[in-house]
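Reader: I've got a new model open on my screen. Can you walk me through it?

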Amino acid sequence: TQWLFATVIAFLHRVWGIYGVEAIQIVFTLLISFVVMKTASLKKGGRFQWGLFLALLFFALVVIRFRIAPRGHLVTLLGLCLTHYLWVLQPRRLLFWLFLVAVFWANCHAGVVFGVVLLFLKSADTLLRKRWGEFKLIVAGGCAFFAGSLVNPNFIYPYTYVFRHSNTLVD
């Protein structure tokens, strides 16, 4: 389920060695921190707060556990942050962007399933708040996201993989 992520890591290792592998972890950490701060700035009147961003970045770089081989979980964290950011921003082509995020995410990590869960929870929230127009949009967004998540060589495998492994935790 991680063919794209593994290909990028192998390429970076071949070209720049262990420094390339470490660099991609730092780039993902930067992206995740940036998306979180952009989302927060949308909710706080649109002003990007550089001090808070740098504090969050420092915290993320200290806390995140770097490994010799980065894990696809970084993609899942970035995917969750991007999906939430897109929902808060609600760009004109929201369905298209959710589709693209899902395509990228599904080809990098099986955690794409959690993107569907996030959109399901957001739809439940809008339904409970009786925001019918927003509910229709989130359902359409969830369908676009799910369709995008199927655009990978493994098709439905990320869902069956997560379901199989989540059942073993219960037994």
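Author: Sure. This is a predicted model. Start with a charge and a ring: the charged end of arginine 93 sits over the ring of phenylalanine 96, 4.6 Å from the ring centre.

Reader: OK. Is phenylalanine 96 buried or partly exposed?

Author: Partly exposed. Its relative accessible area is 36%, and partly exposed covers values from 20% to 50%.

Reader: How many aromatic pairs are there?

Author: The count comes to three aromatic pairs. One of them joins phenylalanine 5 and phenylalanine 28. Their ring centres are 6.0 Å apart and their planes stand at 70 degrees, so the pair is edge-to-face.

Reader: Why is that edge-to-face?

Author: Planes over 60 degrees apart count as edge-to-face, and the planes of phenylalanine 5 and phenylalanine 28 are at 70 degrees.

Reader: Which helices does that pair sit in?

Author: Phenylalanine 5 is in helix α1, residues 3-16, and phenylalanine 28 is in helix α2, residues 18-43. So the pair ties together parts that are 23 residues apart in sequence.

Reader: Are those two buried or exposed?

Author: Both phenylalanine 5 and phenylalanine 28 are buried.

Reader: Give me another pair.

Author: Phenylalanine 96 and tryptophan 97. Their ring centres lie 5.4 Å apart, with the planes at 70 degrees, so this pair is edge-to-face. Tryptophan 97 is partly exposed, at 41% relative accessibility.

Reader: Switching to the core. How many residues are in the largest nonpolar core?

Author: That core has 26 residues. Those with the most contacts inside it are Phe5, Phe28, Val75, Trp105 and Phe145.

Reader: Which helices supply at least two residues of it?

Author: α1, α2, α4 (73-89), α5 (94-106), α6 (112-128) and α7 (132-149) each do. The largest share, seven residues, comes from α4.

Reader: Why would nonpolar side chains gather like that?

Author: In soluble globular proteins, nonpolar side chains tend to be buried together.

Reader: And the whole chain? How many helices and strands?

Author: Eight helices and zero strands. Buried residues make up 36% of the 171 residues in the chain.

Reader: What about contacts between residues far along the sequence? What share do they take?

Author: Take the contacts with a separation of 6 or more. Residues 24 or more positions apart account for 70% of them.

Reader: Back to helices. At what angle do α6 and α7 pack?

Author: About 170 degrees, with their axes 9 Å apart. Angles over 145 degrees count as roughly antiparallel, and that makes α6 roughly antiparallel to α7.

Reader: Which residues make the contact?

Author: On the α6 side they include Val112, Gly115, Val116 and Leu119. From α7, they include Trp132, Phe135, Ile138, Gly141 and Gly142.

Reader: Now α1. What does leucine 12 touch?

Author: Leaving aside neighbours within four places in sequence, leucine 12 is in contact with Gly17, Gly20, Val21 and Ile24. Leucine 12 lies in helix α1. It counts as buried, at 12% relative accessibility.

Reader: Where is tryptophan 3, and what does it touch?

Author: Tryptophan 3 is in helix α1. Not counting residues up to four places away in sequence, tryptophan 3 touches Asn107 and Pro153. Its relative accessible area is 42%, so tryptophan 3 is partly exposed.

Reader: How far is tryptophan 3 from asparagine 152?

Author: Their C-alpha atoms are separated by 9.4 Å. Along the chain, tryptophan 3 and asparagine 152 are 149 residues apart.

Note on methods:
Residues are numbered from 1 along each chain as its sequence is written. This is a predicted model: local features need pLDDT of at least 70, side-chain atom pairs count only at pLDDT 80 or more; totals for chains, interfaces and linings use all residues. Side-chain values use heavy atoms; hydrogens and water are left out. Rings of Phe, Tyr and Trp (its six-membered ring) pair if their centres lie within 6.5 Å; planes under 30 degrees apart count as stacked, over 60 as edge-to-face and the rest as tilted. Helices (H or I, at least four residues) and strands (E, at least two) are DSSP runs, numbered from the N terminus. Buried means under 20% relative accessible area, exposed over 50%, partly exposed in between (1.4 Å probe, protein chains only). A charge sits over a ring if NZ of Lys or CZ of Arg is within 6 Å of the ring centre and within 35 degrees of the ring normal. A nonpolar core is a set of buried Ala, Val, Leu, Ile, Met, Phe, Trp, Tyr and Cys residues joined through side-chain atoms within 4.5 Å. Axes are lines fitted to C-alpha atoms, for helices over the stretch in contact, and angles run from 0 to 180 degrees between N-to-C directions. Angles under 35 degrees count as roughly parallel, over 145 as roughly antiparallel, 65 to 115 as roughly perpendicular and the rest as oblique. Contact means heavy atoms within 4.5 Å.
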